[in-house]
Amino acid sequence: MIEQPAYTGFGFSDEEWGLLVGLPQSVLTAASAAEHDGARRTMAENAAGLETISAGRESASPLVAAVAGEIVVRVGDPEAGEELPLIEPADPRAAIEDVLSRAAGAARLLAARVDEGEAGAYRHWLVEIAEHVVSAASSGGILGLGGDVVSDSERRFRDRLAQVLND
């Protein structure tokens, strides 16, 4: 018996599934890139984002659990001590706009293909990933002291993401 890919059970094409699986890590990268923080803070943001993605495996939403499970298989499990490589886009603004555009596309796709509960759980999970990333490390300050927990640019990204996703 040939095992079918997970996405066929949800009615998605390979390309559509690729969008849904790629978006959480892209949200993590864009949220981290919203404020240039330095390597140590970016590592903390990556860890927080990967932990939130990984936690999605325990979601009551079968869609979120399946997407999170596939991401962890592809990029690593933080519970096993695995970390994401630091990704710093050459043009953070363009990366953020791309992520927001893909998030809007994913929201439209989900609205057309799954019930509102599944779509809402996925959209909320993306915003939760962004929230955990932007609040993982203070921005500004000196030698790691002081600064804002969430900078204006990080808040702006998180809020725009929530708006695009209607979450």
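This report describes the helices, helix contacts and salt bridges of a predicted model.

**Overall architecture**

The protein contains 6 helices and 0 strands. Read from the N terminus, its elements follow the order α-α-α-α-α-α. Of the 167 residues in the protein, 44% are buried. Among contacts with a separation of 6 or more, 77% join residues 24 or more positions apart. One pair of residues brought together across the chain is Asp 37 and Ala 137: they are 100 residues apart along the chain, and their C-alpha atoms are separated by 8.3 Å. Asp 37 belongs to the loop between H1 and H2. With a relative accessibility of 11%, Asp 37 is classed as buried, because the limit for a buried residue is under 20% relative accessible area.

**Helix H1 against helix H2**

Two packed helices are described by the angle between their axes and the distance between the axes. Helix H1 covers residues 14–33 and helix H2 covers residues 39–55. Their axes come within 10 Å and cross at roughly 155 degrees. The two helices, H1 and H2, are therefore roughly antiparallel to each other, since angles over 145 degrees fall into that class. The crossing of H1 past H2 is right-handed.

On the H1 side, the contact involves Pro 24, Gln 25, Leu 28 and Ser 32. On the H2 side, these residues meet Thr 42, Glu 45, Asn 46, Gly 49, Leu 50 and Ile 53. By residue class, the contact of H1 with H2 comprises 4 nonpolar, 5 polar and 1 charged.

**Helix H4 against helix H6**

Helix H4 spans residues 92–113, and helix H6 spans residues 152–165. The axes of H4 and H6 come within 8 Å and cross at roughly 25 degrees. H4 is thus roughly parallel to H6, because angles under 35 degrees count as roughly parallel. H4 passes H6 in a crossing that is right-handed.

H4 contributes Ile 96, Glu 97, Val 99, Leu 100, Ala 103, Ala 104 and Ala 107 to the contact. H6 contributes Phe 157, Arg 160, Leu 161, Val 164 and Leu 165. The residues of this contact of H4 with H6 are divided into 10 nonpolar, no polar and 2 charged.

**Salt bridges**

The structure holds 8 salt bridges. The table lists some of them, with the N to O distance for each.

| Salt bridge | Distance (N to O) |
|---|---|
| Arg 102 and Asp 98 | 3.0 Å |
| Glu 116 and Arg 123 | 2.7 Å |
| Arg 158 and Asp 159 | 3.1 Å |

Each listed pair is taken in turn below.

Arg 102 and Asp 98 both lie in helix H4. Because these two residues are 4 residues apart in that helix, about one helical turn separates them. Arg 102 is partly exposed, at a relative accessible area of 25%. Asp 98 is also partly exposed, with 38% relative accessibility.

The salt bridge of Glu 116 with Arg 123 joins side chains in opposite settings: Glu 116 is exposed, with a relative accessible area of 53%, whereas Arg 123 is buried, with a relative accessible area of 11%.

In the third listed pair, Arg 158 is buried, with a relative accessible area of 16%. Its partner Asp 159 is partly exposed, with a relative accessible area of 40%. This pair belongs to a network in which salt bridges with shared partners connect Glu 131, Arg 158 and Asp 159.

**The surroundings of Arg 158**

Arg 158 is located in helix H6. When its neighbours within four places in sequence are left aside, Arg 158 is in contact with Ala 130, Glu 131 and Val 150. Glu 131 thus appears both as a contact of Arg 158 and as a member of the salt-bridge network. The classification of Arg 158 as buried rests on its 16% relative accessibility, because buried means under 20% relative accessible area.

Definitions and conventions. Residues are numbered from 1 along each chain as its sequence is written. This is a predicted model: local features need pLDDT of at least 70, side-chain atom pairs count only at pLDDT 80 or more; totals for chains, interfaces and linings use all residues. Side-chain values use heavy atoms; hydrogens and water are left out. A salt bridge is a side-chain nitrogen of Lys or Arg within 4 Å of a carboxyl oxygen of Asp or Glu. Buried means under 20% relative accessible area, exposed over 50%, partly exposed in between (1.4 Å probe, protein chains only). Axes are lines fitted to C-alpha atoms, for helices over the stretch in contact, and angles run from 0 to 180 degrees between N-to-C directions. Angles under 35 degrees count as roughly parallel, over 145 as roughly antiparallel, 65 to 115 as roughly perpendicular and the rest as oblique. A crossing is left-handed if the near helix is turned anticlockwise from the far one by less than a right angle, and right-handed if clockwise. Contact means heavy atoms within 4.5 Å. Ala, Val, Leu, Ile, Met, Phe, Trp, Tyr, Cys and Pro count as nonpolar, Asp, Glu, Lys and Arg as charged, and the others, Gly among them, as polar.
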